[in-house]
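Colleague: I am new to reading protein models, and I keep meeting words whose meaning I have to guess. Could you show me one and let me ask about the labels?

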Amino acid sequence: MTEQTNYKNIFIFFLISCFLLNFVGCSTTPNSPNYDNSLRSSKQGADVVVYALGLLGTGYKFGGKNPSAGLDCSGMVSYVYQNAIGMNVKGSAKDIAKRAKKIKTSELRPGDLVFFNTLNRPFSHVGIFIGDGKFIHSPNSRGSVRVNKLSEKYYSKRFEMAATLLN
């Protein structure tokens with residue numbers, strides 16, 4: 001193992017540890033939305049989130065379905081669900097929305113999905129909820145896989161649905 005790979009593994013372990021500690025401690029601020037259920041993650045949901053966090057910084061590519069070529073939003077969801085929990089999730093964000101079970105925003109748990117209208121058409125974007133009002137997604141050609149807050153003005157105005165594919 002090279003020294004650079006070793007540092008990368010340590011960094012990823014650190015990020016994942018910090019993320020998981022966030023579920024144990026109280027990280028809600030007085031003005032943030034209350035996502036009480038986000039603190040109760042299923043094993044599948046935790047696996048999905050940890051795998052997704054490993055893709056942070058991966059480049060965007062329209063129609064991209066793997067990290068080496070780049071990922072679009074639905075490609076990221078498909079890739080993560082397949083590799084983290086063996087669930088076959090195919091199609092566009094809209095196709096995934098049709099398959100998923102709609103839930104209340106207050107019922108979101110890590111590993112669930114959040115859908116947005118970002119292109120003036122329903123269900124044009126999807127991300128994975130990671131807890132504490134945050135989600136991970138592959139936004140567009142000007143960005144890479146990153147974490148954003150559901151409460152950010154851009155996303156809160158375009159939010160369409162919370163849904164789950166998990167048990």
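Colleague: Let me start with aspartate 132. Why does aspartate 132 count as partly exposed?

Modeller: Good place to begin, and please keep in mind that this is a predicted model. The relative accessibility of aspartate 132 is 23%. Buried means under 20% and exposed means over 50%, with partly exposed in between. Since 23% lies between those two limits, aspartate 132 is called partly exposed.

Colleague: Where is aspartate 132 found, and what is its phi?

Modeller: Aspartate 132 is in the loop between β5 and β6 (134-137). Its phi is positive, about 55 degrees, although aspartate 132 is not a glycine. Asparagine 120 is another residue other than glycine with a positive phi, near 60 degrees. You will find asparagine 120 in the loop between β4 (113-116) and β5 (125-131).

Colleague: Is asparagine 120 buried or exposed, and how do you know?

Modeller: Its relative accessibility is 78%. The cut-off for exposed is over 50%, so asparagine 120 counts as exposed.

Colleague: Now the rings. What makes the pair of tyrosine 154 and tyrosine 155 edge-to-face?

Modeller: Two values describe any such pair: the distance of the centres and the angle of the planes. For tyrosine 154 and tyrosine 155, the centres are 4.9 Å apart and the planes are at 85 degrees. Rings pair if their centres lie within 6.5 Å, and planes over 60 degrees apart count as edge-to-face. Both conditions are met, so tyrosine 154 and tyrosine 155 form an edge-to-face pair. A search of the whole structure finds 7 aromatic pairs.

Colleague: Which of these tyrosines is buried and which is partly exposed, and how do you know?

Modeller: Tyrosine 154 has a relative accessible area of 38%, while tyrosine 155 has 6% relative accessibility. Buried means under 20%, and partly exposed lies between that and 50%. Therefore tyrosine 154 is partly exposed, and tyrosine 155 is buried.

Colleague: Which residues form the aromatic cluster with them?

Modeller: Phe116, Phe135 and Phe159 join Tyr154 and Tyr155 in one aromatic cluster. Phenylalanine 159 is in strand β8 (residues 159-164), and at 27% relative accessibility it counts as partly exposed. Leaving aside neighbours within four places in sequence, phenylalanine 159 is in contact with Thr105, Val114, Phe115, Phe116 and Leu150. The C-alpha atoms of phenylalanine 159 and histidine 125 are separated by 9.4 Å, and these two residues are 34 residues apart along the chain.

Colleague: What about valine 145: buried or exposed, and why?

Modeller: Valine 145 has 2% relative accessibility. Buried means under 20%, so valine 145 is buried. Valine 145 lies in the loop between β6 and β7 (146-149). Among its contacts beyond four places in sequence are Leu55, Gly57, Leu71, Met76 and Ile136. The C-alpha atoms of valine 145 and glycine 57 are separated by 5.0 Å, although the two are 88 residues apart along the chain.

Colleague: How do you know whether serine 78 is buried or exposed?

Modeller: The same test works here. Serine 78, in helix α3, has a relative accessible area of 12%. With the limit for buried at under 20%, we conclude that serine 78 is buried. Leaving aside neighbours within four places in sequence, serine 78 is in contact with Val89, Lys90 and Ile96.

Colleague: And why is lysine 65 called partly exposed?

Modeller: Lysine 65, found in strand β1 (residues 65-66), has a relative accessible area of 47%. Exposed would need over 50%, and buried under 20%, so lysine 65 is partly exposed.

Colleague: One last topic, the largest pocket. Which residues are closest to its centre?

Modeller: The largest pocket has a volume of about 500 Å³. Of the 26 residues that line it, Tyr60, Cys73, Leu119, Ser124 and His125 are the closest to its centre. The elements giving two or more residues to the lining are α3 (73-85), α4 (93-99) and α5 (153-158). By class, the lining has 10 nonpolar, 10 polar and 6 charged residues.

Colleague: How many helices and strands does the protein have?

Modeller: The protein has 5 helices and 8 strands, and buried residues make up 40% of its 167 residues.

Methods:
Residues numbered from 1 in each chain as written. Predicted model: local features only at pLDDT ≥ 70, side-chain atom pairs only at ≥ 80, totals over all residues. Heavy atoms only, no water. 1 Å grid on protein atoms, 1.4 Å probe; cavity = no way out; pocket = protein on both sides within 12 Å on 5 of 7 lines; lining within 4 Å. Points joined across faces, edges and corners; volume = space filled by probe spheres on them. Helix = DSSP H or I, 4+ residues; strand = E, 2+ residues; numbered from the N terminus. Nonpolar A, V, L, I, M, F, W, Y, C, P; charged D, E, K, R; others polar. Buried < 20%, exposed > 50% of the residue type's maximum accessible area, 1.4 Å probe, protein only. Phe/Tyr/Trp six-rings, centres within 6.5 Å; stacked < 30°, edge-to-face > 60°. Contact = heavy atoms within 4.5 Å.
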